[in-house]
Amino acid sequence: MVRALPHAIGFVLPVIVLFTARLGGAWTFFPVSVLYVIVPAIDALVGLNPRNPPQSDETALSENLTFRVITWLWVPAQLALIVWGLERIASRTMTPVEVAGTTLSIGLTAGAIGMTFAHELIHRPSRLERLLGDALLMSVTYPHFAIEHVHGHHRHVGTPRDPATARYGESLYAFLPRTVIGGVRSAWRIEVRRLGKHGEPAFGLANRMLRYTAVVLVLYAAIGLRYGWRGVLFSAAQSVIAFGLIETINYIEHYGLVRQEVAPGQYERVMPWHSWDSTHRVSNWILINLARHSDHHVAASKRYQILHALDAAPQLPAGYGAMFVLALAPPLWRRVMDPRVATARAGSRRACG
């Protein structure tokens, strides 16, 4: 249990959102500085943790219930935070500054912690855990991610077929619309192919994309009836912030890294050097080892607590919080990352012989 508790640090963020909302005014923006100023500073002070769990402990760690419960408990925490935000917005007692700060803080919380936990849950074989992941994704209007990420991104990462792989030289601002629109299209194609293999029509109840769309429409209709147009706008805004954040993380995780085409339309298998890694201790506690991303792509079935830091993976110069801020400034991003991409590509060619 003690080994799992650091991964529950993210639960502090909703508490900070609630506390700063009571202070009001510009304090409502304080959670933003927690994620993108305070955490990166602590990351730099605490340093790296490249140690991996001993192989003899992996089975016990993987089956440890505490690690799973941490991700499960986030679901009611996030839903409660969003409902609280809806109540606050609908009350009309907040100033415009407070509305903006609260919306941004909730969206970033749902994106940084909620989308990360959803990512873990949708990869699990348990139907319960996948449903919990779907609930988190639905709360930020991004349910198709469960289809595209698992069955699209993991198959096509590092190739031109993957909308979630950022191209060399591509700015974050060019990447975001491409990956959001491309992700929806990819998820639809994946569903149509799956249904076709089973002799099912594309436009029917078996299509998860259509079911997701129906649930989203019902959800927004219910929000509109209960909270009015303010509630609808808040839900849409915090959703855009949340899924914009997870797609920014995608940008950071795969920028410029490509798989070699070994035959027309066929690519080498996914290797550790096709994802950027980061072993910054605090970031990996908060984001449940998401930054040990190379091992996740090599073995997507592994639970977060047994992911390894791989020696062959190219390393980010900072934790995810700092890299997020860097990505917002494309010239600085390219100055820092482009030489590293060249080094990583050269290393991958040497490794392939």
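**Close-ups of a predicted model**

**View 1. Helix 1 and helix 5 run roughly antiparallel to each other.** This is a predicted model, and we start with a helix pair. The axes of helix 1 (residues 12-23) and helix 5 (residues 96-122) cross at roughly 180° and come within 10 Å. Since angles over 145 degrees count as roughly antiparallel, the label follows from that crossing angle. On the helix 1 side, the contact uses L13, P14 and V17. Helix 5 answers with S105, I106, T109 and I113. Sort the residues of this contact and you get 5 nonpolar, 2 polar and no charged.

**View 2. E120 and R124 pair up through their side chains in a salt bridge.** The N to O distance here is 2.9 Å. Is E120 buried or exposed? E120 is buried, because its relative accessible area is 8%, and the cut-off for buried is under 20%. R124 also counts as buried, at 3% relative accessibility.

**View 3. E129 and R303 form a salt bridge between distant parts of the chain.** Their side chains meet at 2.9 Å, N to O. Where do the two partners sit? E129 belongs to helix 6 (residues 127-139), while R303 lies in the loop between helix 11 (293-298) and helix 12 (320-327). That puts the partners 174 residues apart. Both E129 and R303 are buried.

**View 4. D338 and R334 make a salt bridge inside helix 13.** The side chains come together with an N to O distance of 2.6 Å. Both residues belong to helix 13 (residues 330-351), and because they are 4 residues apart there, about one helical turn separates them. How accessible is each partner? D338 is buried, with a relative accessible area of 9%. R334, on the other hand, is partly exposed, at 36% relative accessible area, which means it falls between the 20% and 50% cut-offs.

**View 5. E191, R194 and R208 join up in a network of salt bridges.** Here the linking goes beyond a pair, with E191, R194 and R208 connected in one network. As general background, side chains of opposite charge can pair when their charged atoms come close. For the wider tally, the structure holds 9 salt bridges, including the E120 and R124 pair of View 2, the E129 and R303 pair of View 3 and the D338 and R334 pair of View 4.

Technical notes. Residues are numbered from 1 along each chain as its sequence is written. This is a predicted model: local features need pLDDT of at least 70, side-chain atom pairs count only at pLDDT 80 or more; totals for chains, interfaces and linings use all residues. Side-chain values use heavy atoms; hydrogens and water are left out. Buried means under 20% relative accessible area, exposed over 50%, partly exposed in between (1.4 Å probe, protein chains only). Helices (H or I, at least four residues) and strands (E, at least two) are DSSP runs, numbered from the N terminus. Axes are lines fitted to C-alpha atoms, for helices over the stretch in contact, and angles run from 0 to 180 degrees between N-to-C directions. Angles under 35 degrees count as roughly parallel, over 145 as roughly antiparallel, 65 to 115 as roughly perpendicular and the rest as oblique. Contact means heavy atoms within 4.5 Å. Ala, Val, Leu, Ile, Met, Phe, Trp, Tyr, Cys and Pro count as nonpolar, Asp, Glu, Lys and Arg as charged, and the others, Gly among them, as polar.
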